[in-house]
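Let's take a walk through this chain together, starting with its sheet and working outward to the charged groups. Keep the 3D view open as you read.

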Amino acid sequence: MCAVKLPIALLLLGLLLTACGGETNPSAPASSPAATKAPDEAATLNAIRSISEAQATYFTINRRYALTFDELLESRLLSSEPSSAETGYEFKLRPAADAQTYKLSVIPGSPSTTAAVRYFFLDQTRVLREETGKEATADSPPVK
């Protein structure tokens, strides 16, 4: 009987220690590194270029554009989904319902720096467009 009680006691002790080990440090900063990353235009432009090439290839193969970044990843046309943690920008892919067109909006992830940084826009025309201090659209000037 004692042989059964010891393993049960050890199991309960292990569960108790595991539950206590999940506490967070209340003095740790509340913001994540992604929220505070300064916009990195070079990394962002590389990511946009990769997305443009991936979408063009996906269209050639499938006769439609990818609806999500996951489709481009699963097709091995993108190695990773662009993230604000790496670039300081948020990437929003918006395909048309028929997937014959798409829009990619790229906006700075940190609202405190938006007045001085560029916003980008790309669609199936593969013309990269930009605005400074406001969201870029299909009517924005092309990047030079």
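**A guided tour of the sheet and its surroundings**

Four strands make up an open sheet, arranged in the order β1-β2-β3-β4 with antiparallel pairing. The strands at the edges are β1 (89-95) and β4, each of which pairs on one side only. On average, and ignoring direction, neighbouring strands of this sheet are turned by 15° against each other. Please keep in mind that this is a predicted model.

If you want a reminder of what holds such an arrangement together, strands of a sheet pair through backbone hydrogen bonds, either parallel or antiparallel. Here, β1 and strand β2 (residues 102-108) are joined in the antiparallel sense over seven bridges. You can check the register by eye: Lys-92 stands opposite Ser-105 in β2, and Leu-93 stands opposite Leu-104 in β2. The hairpin of β1 and β2 has six residues between the strands, and there Ala-99 takes a positive phi near 60°.

On we go across the sheet. β2 and β3 also pair in the antiparallel sense, over four bridges, with Ser-105 opposite Phe-121 in β3. Ser-105 is thus a handy landmark, since it stands opposite Lys-92 and opposite Phe-121. How enclosed is β2 by the rest of the structure? Six of its seven residues are buried, so β2 is largely enclosed.

Now zoom out to the whole chain. It has five helices and four strands, and from the N terminus on the elements run α-α-α-α-α-β-β-β-β. Buried residues account for 28% of the 144 residues. Taking the contacts between residues at least 6 apart in sequence, 38% join residues at least 24 apart.

One of the helices deserves a closer look. Helix α3 (residues 41-62) packs on the sheet and touches β1, β2 and β3 (118-123). The direction of α3 makes about 5° with that of β3. Within α3 lies Ala-43, which counts as partly exposed because its relative accessibility is 26%. Not counting residues up to four places away in sequence, Ala-43 touches Glu-86 and Thr-87. Ala-43 and Pro-82 are 39 residues apart in sequence, and their C-alpha atoms are 9.3 Å apart in space.

Next come the charges. How many salt bridges does the structure hold? There are three salt bridges. In one of them, Arg-118 meets Glu-41, with the closest N and O atoms 2.7 Å apart. Arg-118 belongs to strand β3 and Glu-41 to helix α3, so this pair ties together parts that are 77 residues apart in sequence. Arg-118 is buried, with a relative accessible area of 19%, whereas Glu-41 is partly exposed at 26%.

Arg-118 also forms a salt bridge with Glu-130, where the closest N and O atoms are 2.6 Å apart. Since Glu-130 lies in strand β4 and Arg-118 in strand β3, the pair ties together parts that are twelve residues apart in sequence. Glu-130 counts as buried, at 16% relative accessibility. Put together, Glu-41, Arg-118 and Glu-130 are linked in a network of salt bridges.

Another salt bridge joins the side chains of Arg-64 and Glu-71, at 2.9 Å from N to O. Here Arg-64 is partly exposed, with a relative accessible area of 24%, while Glu-71 is buried, with 17%.

Let's finish at Glu-131, which sits in strand β4 (residues 129-132). Which side chain of opposite charge is nearest to Glu-131, and how far away is it? That side chain is Lys-134, 4.2 Å away. A salt bridge here requires the nitrogen and the carboxyl oxygen to be within 4 Å, so a pair beyond that cut-off is not counted. Glu-131 is therefore buried yet without a salt bridge. The side chain of Glu-131 does make a polar contact, at 2.9 Å, with the side chain of Ser-140. Leaving aside neighbours within four places in sequence, the contacts of Glu-131 are Val-117, Arg-118, Tyr-119, Ala-136, Ser-140 and Pro-141. Among them is Arg-118, a residue you have already met in the network with Glu-41 and Glu-130.

Terms used. Residues are numbered from 1 along each chain as its sequence is written. This is a predicted model: local features need pLDDT of at least 70, side-chain atom pairs count only at pLDDT 80 or more; totals for chains, interfaces and linings use all residues. Side-chain values use heavy atoms; hydrogens and water are left out. Helices (H or I, at least four residues) and strands (E, at least two) are DSSP runs, numbered from the N terminus. Buried means under 20% relative accessible area, exposed over 50%, partly exposed in between (1.4 Å probe, protein chains only). Lys and Arg count as positive and Asp and Glu as negative; His and the chain ends are not counted. A polar contact is a pair of N or O atoms within 3.5 Å; within protein, one must be able to donate a hydrogen and the other to accept it, and residues adjacent in sequence count only if both atoms are side-chain atoms. Contact means heavy atoms within 4.5 Å. Two strands pair if DSSP finds at least two bridges between them. Axes are lines fitted to C-alpha atoms, for helices over the stretch in contact, and angles run from 0 to 180 degrees between N-to-C directions.
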